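Here are a few exercises to work through with the model open in your viewer. Try each one yourself before reading the solution.

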Amino acid sequence: MELEEAITERKSIRAFKKDPVPKELIEEVLQRATRAPSAINLQPWEFVVVMGEERERLGRLLLRSYRERRTSCSPGAKGPLPEKLAKRGATSFEVMKPYLDESGIRFEEFFNEGSCRFYDAPVAIIICMNKIFSHRRYLCIGAALGYLVLAAHSLGLGTCPIGLITAYEDEIKDFLNIPDDREVVLAVALGYPDWNSPINKFKTPREPLEEIIRWFD
Ligand SMILES: Cc1cc2nc3c(=O)[nH]c(=O)nc-3n(C[C@H](O)[C@H](O)[C@H](O)COP(=O)(O)O)c2cc1C
């Protein structure tokens, strides 16, 4: 698949087929993800791949923690978002709503509980970083995430990055034996997209370029 096609077509997938993903294919996705640039080529990313019964158990654990603590998907901003920025999130939710209504799913529960269950994807990739690194190295993790989602798409797989689960970092580290000197930065749900689900039918919009670029020429 051409890069341009992958960039244009890719979107977050929130309904997956049950089919397992072969280990070699996951390795190929991660191999391509790690071709991403990183400062001083430090490659600060580490991946914990969770599949099968362990994936199910981890999802159940996070769902239980969510129901106890109710930490939800949020912008994670330092203060209230200015109207213009808040509108971006709201616009995306408006785009999704009819498709959720069609499935009879409540919005809040869909996102929060769905994220904790990795949207029932057969694979959850937990991305970790050694705490020795400064917060600037999140940029490198972000670059790898970008490569990962595009590589997965080009190999016929779907992904959804899941930041919500970091609220339950202690439970994840305990369950997966992740050492204390590692930080859980993000998870990615991975699997074959269920294209029959209404949940996968919408596409989120983007701001027009004139809103986000200033030129000096
Ligand atoms: C760092 C990060 C964290 C995210 N966390 C979540 C999440 O917890 N749950 C979820 O459903 N989607 C999550 N997403 C997916 C975004 O909602 C999605 O990328 C955005 O709405 C744009 O849609 P698109 O990916 O379909 O283009 C996250 C994306 C990123 C980059």
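**Exercise 1: the start of the chain**

Glu-2 sits in the segment that comes before α1 (3-9). Keep in mind that this is a predicted model. Work out whether Glu-2 is buried or exposed, and how far its C-alpha atom is from that of Ser-154.

*Solution.* Start with the neighbour count: Glu-2 has 8 other C-beta atoms within 10 Å. A residue counts as exposed at 12 or fewer, so Glu-2 is exposed. Next, check the distance: the C-alpha atoms of Glu-2 and Ser-154 are separated by 8.1 Å, although the two residues are 152 apart along the chain.

**Exercise 2: the helix that ends at Ser-154**

Take helix α6 (residues 138-154) and check its length, then find what its buried residues pack against.

*Solution.* First the length. With 17 residues at 1.5 Å a residue, α6 should span 24 Å, and its end C-alpha atoms are indeed 24 Å apart, so the two agree. Now the buried residues: among them are Cys-140, Ile-141, Leu-145, Leu-148 and His-153. The buried residues of α6 pack against α1, α2 (23-33), β1, β2, β3 and β4. Past the end of the helix, look for Gly-156, which has a positive phi, near 85°.

**Exercise 3: put the sheet together**

In what order do the four strands of the open sheet lie, and which are the edge strands?

*Solution.* Go pair by pair. β1 joins β2 (residues 123-130) in the antiparallel sense over seven bridges, and here Val-49 has Ile-125 as its bridge partner in β2. On to the next pair: β2 and β4 are antiparallel too, over eight bridges, with Ile-125 standing opposite Val-188 in β4. Last, β3 and β4 pair in the antiparallel sense over five bridges; Thr-159 is partnered there by Leu-190 of β4. That gives the order β1-β2-β4-β3. The edge strands are β1 (45-51) and β3 (158-162), each pairing on one side only. Neighbouring strands are turned by 25° against each other on average, direction ignored.

What about burial in β4? Eight of its ten residues are buried, so β4 is largely enclosed by the rest of the structure.

**Exercise 4: helices on the sheet and on each other**

Find what helix α3 (residues 52-69) lies across, then describe how α3 crosses helix α5 (residues 107-116).

*Solution.* Begin at the sheet: α3 lies across β1 and β2 and runs at about 100° to β1. Helix α7 (residues 169-176) packs on the sheet as well, touching β1, β2 and β4 (182-191), and its direction makes about 80° with that of β4.

Then turn to the helix pair. The axes of α3 and α5 come within 7 Å and cross at roughly 135°, which makes α3 oblique to α5. In the contact, Gly-59, Leu-62, Leu-63 and Tyr-66 of α3 meet Asn-112, Glu-113 and Cys-116 of α5.

**Exercise 5: a helix in the open**

For helix α4 (residues 83-103), compare the expected and actual span, and find where it bends.

*Solution.* At 1.5 Å a residue, the 21 residues of α4 should span 30 Å, and the end C-alpha atoms are 30 Å apart, which agrees. Still, α4 bends by about 35° at Met-96, with a proline, Pro-98, following within four residues. For burial, the count is one buried residue out of 21, so α4 lies largely in the open. After the helix comes Gly-104, with a positive phi near 70°.

How values were computed. Residues numbered from 1 in each chain as written. Predicted model: local features only at pLDDT ≥ 70, side-chain atom pairs only at ≥ 80, totals over all residues. Pairing = 2+ DSSP bridges. Helix = DSSP H or I, 4+ residues; strand = E, 2+ residues; numbered from the N terminus. Axes fitted to C-alpha atoms, helices over the stretch in contact; angles between N-to-C directions. Contact = placed C-beta atoms within 7 Å. Expected span 1.5 Å × (residues − 1). Bend = angle between axes of the 7 residues up to and from the residue. Buried ≥ 20, exposed ≤ 12 C-beta atoms within 10 Å, placed from the backbone. Parallel < 35°, antiparallel > 145°, perpendicular 65-115°, else oblique.
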